[in-house]
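Trainee: I should like to learn how to read charged and cysteine side chains in a structural model. May we work through a case together?

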Amino acid sequence: MSGTSRPQFVLFGSSIVQFGFFGEGWAATLAHLYARKADIINRGYAGWNTRRALQVLDKVFPKDARVQPSLVIVYFGGNDSSFPDPSGFGTSVPLEEYLENMKKIINHLQSLSDTTRIIVLSAPPIDDVALNIQFARSNGKPSRTNETCRVYSEACLELCQDMNIKAVDLWTALQKVEKWQEACFIDGIHLSPVGNKVVFKEVLKVLKEADWKPSLYWRSMKNEFDEDSPYDPFFDDGRPYNNLSNWVLPDNDYWD
């Protein structure tokens, strides 16, 4: 455990969150950008729906925690939008129940502290053809379709608007990419580097435009241990210090 205290950004959701640090994942990029500013904490659980999320909500986000997150990014909906299985098992959650579950999750997060901010990611699109090859059920029918994802995405966005919660319309954003089915996914449902880049840019846009106080946009947040020091790298250019605390690879302008 670190002895210093940084703001905590908690990512809570299903596979898009759990796999967000894989390769060029959106969560990994977010952690890179905020490396000197905030701790990015992954609480992703592949295959989960909102029912499972509610079962552990108090454990993942206890109200009596000494430190509460400054930001929670929430994603559930894709698994909920699956078609019901005749067995009664599986991830399918009826739309009305999904919205009620999301409302409960948001209300709980809002109760953590007056400064805990929330961003909700809506259900992304899927590639119907690729998904049916990779994840078709034994009867040959698809587990979900892009149309059901649209319905859950739009309903989630409407809920967030009603609750005055920041949200990202992933269903629309990802489909703006040329040949998005092949470009944004590795198997029709899980994000490729291109898809991850879209998610990261959409999240960063919300962080930049939100009128939160304090701001959680990376340029507005203080870097940890950013004071000048005689132990900073020395270059023979006449400057006494070469403080690198505000430098983010490959270049700061790259991120805007």
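The dialogue below takes up salt bridges, a buried arginine, cysteines and a surface patch.

Mentor: Please keep in mind that this is a predicted model. Let us begin with charge pairs.

Trainee: What is the general idea behind such pairs, and how many salt bridges does a search of the whole structure find?

Mentor: Side chains of opposite charge can pair when their charged atoms come close. Here, a search of the whole structure gives seven salt bridges.

Trainee: Which residue does Glu 224 meet in a salt bridge, and where do the two partners lie?

Mentor: Glu 224 pairs with Arg 6, at 2.6 Å from N to O. This pair links distant parts of the chain, since Glu 224 belongs to the segment after α9 and Arg 6 to the segment before β1 (8-13), 218 residues apart. With a relative accessibility of 16%, Glu 224 counts as buried.

Trainee: Which helices are linked by the pair of Glu 97 and Arg 51?

Mentor: The salt bridge between Glu 97 and Arg 51 has its closest N and O atoms 2.7 Å apart. Glu 97 is in helix α4 (residues 95-110) and Arg 51 is in helix α3 (residues 50-60), so this pair, 46 residues apart, also links distant parts of the chain. Both partners fall in the intermediate class of accessibility: Glu 97 is partly exposed at 28%, and Arg 51 is partly exposed at 37%.

Trainee: How is the pair of Arg 150 and Glu 154 placed within helix α6?

Mentor: Arg 150 and Glu 154 are four residues apart in helix α6 (residues 146-162), which means that about one helical turn separates them. Their salt bridge brings the closest N and O atoms to 2.9 Å. Arg 150 is partly exposed, at 22% relative accessibility, and Glu 154 is partly exposed as well, at 43%. Elsewhere, salt bridges with shared partners join Arg 6, Asp 39 and Glu 224 into one network.

Trainee: How should I read a charged residue without a partner, and what is the nearest side chain of opposite charge to Arg 117?

Mentor: One compares the distance to the nearest opposite charge with the salt-bridge cut-off of 4 Å. For Arg 117, which is buried, the nearest such side chain is Asp 211, 7.9 Å away, and Arg 117 has no salt bridge. Arg 117 lies in strand β4 (residues 117-121). Beyond its neighbours within four places in sequence, Arg 117 is in contact with Ser 70, Leu 71, Val 72, Trp 212, Lys 213 and Leu 216.

Trainee: Turning to cysteines, how many disulfides does a search of the whole structure find?

Mentor: The search finds zero disulfides. For Cys 149, the nearest cysteine sulfur is that of Cys 156, 12 Å away.

Trainee: Why is there no bond between Cys 160 and Cys 156?

Mentor: A disulfide requires sulfur atoms within 2.5 Å. The sulfur of Cys 160 is 4.3 Å from that of Cys 156, its closest cysteine sulfur, and therefore too far for a bond. Cys 160 counts as buried, at 1% relative accessibility, and Cys 149 counts as buried at 1%.

Trainee: Finally, which residues make the nonpolar surface patch?

Mentor: Leu 244, Trp 247 and Leu 249 make this patch, of about 300 Å². Leu 249 is placed in the segment after α9 (193-209) and counts as partly exposed, at 48% relative accessibility.

Notes: Residues are numbered from 1 along each chain as its sequence is written. This is a predicted model: local features need pLDDT of at least 70, side-chain atom pairs count only at pLDDT 80 or more; totals for chains, interfaces and linings use all residues. Side-chain values use heavy atoms; hydrogens and water are left out. Helices (H or I, at least four residues) and strands (E, at least two) are DSSP runs, numbered from the N terminus. Buried means under 20% relative accessible area, exposed over 50%, partly exposed in between (1.4 Å probe, protein chains only). Lys and Arg count as positive and Asp and Glu as negative; His and the chain ends are not counted. Contact means heavy atoms within 4.5 Å. Patches are made of residues with over 30% relative accessible area and no salt bridge: like charges are joined within 9 Å, nonpolar side chains (Val, Leu, Ile, Met, Phe, Trp, Tyr) within 5 Å. Accessible areas come from the Shrake-Rupley method with a 1.4 Å probe; for residues, only the protein chains shown count as cover.
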